Amino acid sequence: MKNYLIFTLLLLLTMCKSNEELPTVAEVNLERYMGTWYEIARLPNRFEKGLECVTATYSIKDDGFIKVVNKGYSESDHSKEEEAIGKAKIPDTNYPGQLKVSFFGPFYGNYYIIDLDPNYQYVLIGEPSRKYLWILSRTPELDSTIYNSLISKAQNLGFATNKISITNQECNQN
């Protein structure tokens, strides 16, 4: 758990330094975005190393922030759960697809919604340095046509899609 939180902090510090352009969606209905998303794929990163059955759950807090709960299970022992709790915000309502996420105090990292299904069933998330990328879905599996389309979009935006790792979502959690 401690390593997961340390690496999350390192990610946020890295993401804060970037100012490269990355197009985002023009509209996000936060109420529809809330709930649990399954991680379908990601660019490998240290803070999720060895984790599978990863989910992200979002809920709107009374103070207007978004509560973020990221969970994953050790690939070697599914009884070992890793969890990181943070908060997110939209700093500029003119750019609703450009969120900021924090897991540690005042440090915020970029959380850019690059592509979002009109029915809020899948989403492509990245950040301007192109070092981090996630494909999330409302279900543990995503249609291969949609997946390939998201990969193609990410590749066209300069992400190293040849390094994408598919997230195992077949864990028997107790």
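Let's start with confidence. This is a predicted model, and the mean pLDDT of the chain is 89, with 87% of its residues reaching 70 or more. One stretch stands apart from that picture: over residues 2-19 the pLDDT is below 50, although this stretch still has 41 contacts in the model beyond near neighbours in sequence. Where pLDDT is low, the predicted coordinates should not be read in detail. I'll leave that part alone today.

Now, please find strand β7, residues 122-126. Is this strand enclosed or open? Five of its five residues are buried, so β7 is largely enclosed by the rest of the structure. To count as buried, a residue has to be under 20% relative accessible area.

Which way do the residues of β7 point? Tyr 122, Leu 124 and Gly 126 point one way, while Val 123 and Ile 125 point the other way. In a regular strand the side chains alternate between the two faces of the sheet. And here is the nice part: the residues on both sides of β7 are buried.

So who are the partners of β7? Let's take β6 to begin with, which covers residues 107-116. β6 and β7 pair in the antiparallel sense over four bridges. If you want one pair to look at, Leu 116 has Val 123 in β7 as its bridge partner.

On to the other partner, β8, residues 133-137. How many bridges join β7 to β8? There are five, and these strands also run antiparallel. Here, you can look for Tyr 122, whose bridge partner in β8 is Ser 137.

Let's finish with the two turns. Most residues other than glycine have a negative phi, so keep an eye out for exceptions.

The hairpin of β6 and β7 has five residues between the strands. In that loop sits Tyr 120, with a positive phi of about 55° although it is not a glycine. Is Tyr 120 buried or exposed? Its relative accessibility is 7%, so Tyr 120 counts as buried.

The hairpin of β7 and β8 has six residues between the strands. Its loop holds Arg 130, another residue other than glycine with a positive phi, this one near 70°. Arg 130 counts as buried too, because its relative accessibility is 17%.

To put it together, β7 is a largely enclosed strand, paired antiparallel with β6 and joined by five bridges to β8. The loops on its two sides hold Tyr 120 and Arg 130. Thanks for listening!

Definitions and conventions. Residues numbered from 1 in each chain as written. Predicted model: local features only at pLDDT ≥ 70, side-chain atom pairs only at ≥ 80, totals over all residues. Heavy atoms only, no water. Buried < 20%, exposed > 50% of the residue type's maximum accessible area, 1.4 Å probe, protein only. Pairing = 2+ DSSP bridges. pLDDT = per-residue confidence, 0-100. Contact = heavy atoms within 4.5 Å.
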